[in-house]
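Here is a short report on one protein chain. Look over the sequence and the model first, then read on.

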Amino acid sequence: MNNHPKMLFFPLCDLHHHPMRRVMLEASAAAETQSFHQCERRDCNRVFRDGHGYSDFAGGRFDLSRLSFRECSLCGGTLFLAEVDQARKVETWECARTECSHTEEVTSPSSR
């Protein structure tokens with residue numbers, strides 16, 4: 001069993017800053033099962049997929065019209081929202097790749 005911290009990462013929703021949970025999607029018997037993180041808020045369709053970034057998921061499909069993707073400047077991996085400091089109005093983004101420890105702090109869009 002691999003207990004590396006990144007194997008159990010839980011991104012925050014990039015819109016509401018709510019926690020996301022890992023879910024499995026079985027498209028069909030012939031297709032591979034996919035896993036992704038989905039916002040825990042009932043009225044939110046936001047998902048995070050490693051390699052794809054944030055998008056919406058509705059009607060059994062990924063809607064890329066509101067895609068938000070941040071690329072790691074070190075390895076090219078996908079960054080996810082890991083923490084929001086409301087007092088400082090700063091978001092911390094981390095690389096989803098297991099072998100990369102890159103993080104970035106950026107000003108939260110709500111403070112701009």
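## Fold

A strand here is a DSSP run of type E with at least two residues, and strands are numbered from the N terminus. By that rule, L64 sits in strand β5, which covers residues 61–68.

The model is predicted. Its chain has eight strands and zero helices. Along the sequence the order reads β-β-β-β-β-β-β-β.

## Burial and surface

The chain has 112 residues, and 36% of them are buried. Its exposed area is about 7100 Å². Carbon and sulfur atoms account for 47% of that area.

Contacts can also be sorted by sequence distance. Take the contacts between residues at least 6 apart in sequence: 34% of them link residues at least 24 apart.

## Nonpolar core

Which residues have the most contacts inside the largest nonpolar core? They are M20, F48, Y54, F80, L81 and W93. The core as a whole has 18 residues. Strands β6 and β7 (90–95) each contribute at least two residues to this core. The most comes from β6, which gives four.

F48 shows what such a position touches. Setting aside neighbours within four places in sequence, its contacts include the aromatic residues F9, F36, Y54 and F80. M20, P11, L79 and A96 are also in contact with F48. So are H37, G53 and T78.

## A nonpolar patch on the surface

Nonpolar side chains also occur on the outside. L64, L67 and F69 form a surface patch. Together they have about 280 Å² of accessible area.

Is L64 buried, exposed or partly exposed? Its relative accessibility is 48%. Buried means under 20% and exposed means over 50%. L64 falls in between, so it counts as partly exposed.

## E83 on strand β6

Strand β6 spans residues 79–85, and E83 is part of it. The strand that gives the most to the core thus also carries this glutamate. E83 has a relative accessible area of 48%, so it is partly exposed.

What does E83 touch, not counting residues up to four places away in sequence? The list is L12, V90, E91 and T92. E105 is 22 residues from E83 along the chain. The C-alpha atoms of E83 and E105 are 9.4 Å apart.

## In brief

The predicted model is a chain of eight strands without helices. Its largest nonpolar core has 18 residues, and L64, L67 and F69 make a nonpolar patch on the surface.

Key: Residues are numbered from 1 along each chain as its sequence is written. This is a predicted model: local features need pLDDT of at least 70, side-chain atom pairs count only at pLDDT 80 or more; totals for chains, interfaces and linings use all residues. Side-chain values use heavy atoms; hydrogens and water are left out. Buried means under 20% relative accessible area, exposed over 50%, partly exposed in between (1.4 Å probe, protein chains only). Contact means heavy atoms within 4.5 Å. Accessible areas come from the Shrake-Rupley method with a 1.4 Å probe; for residues, only the protein chains shown count as cover. Patches are made of residues with over 30% relative accessible area and no salt bridge: like charges are joined within 9 Å, nonpolar side chains (Val, Leu, Ile, Met, Phe, Trp, Tyr) within 5 Å. A salt bridge is a side-chain nitrogen of Lys or Arg within 4 Å of a carboxyl oxygen of Asp or Glu. A nonpolar core is a set of buried Ala, Val, Leu, Ile, Met, Phe, Trp, Tyr and Cys residues joined through side-chain atoms within 4.5 Å.
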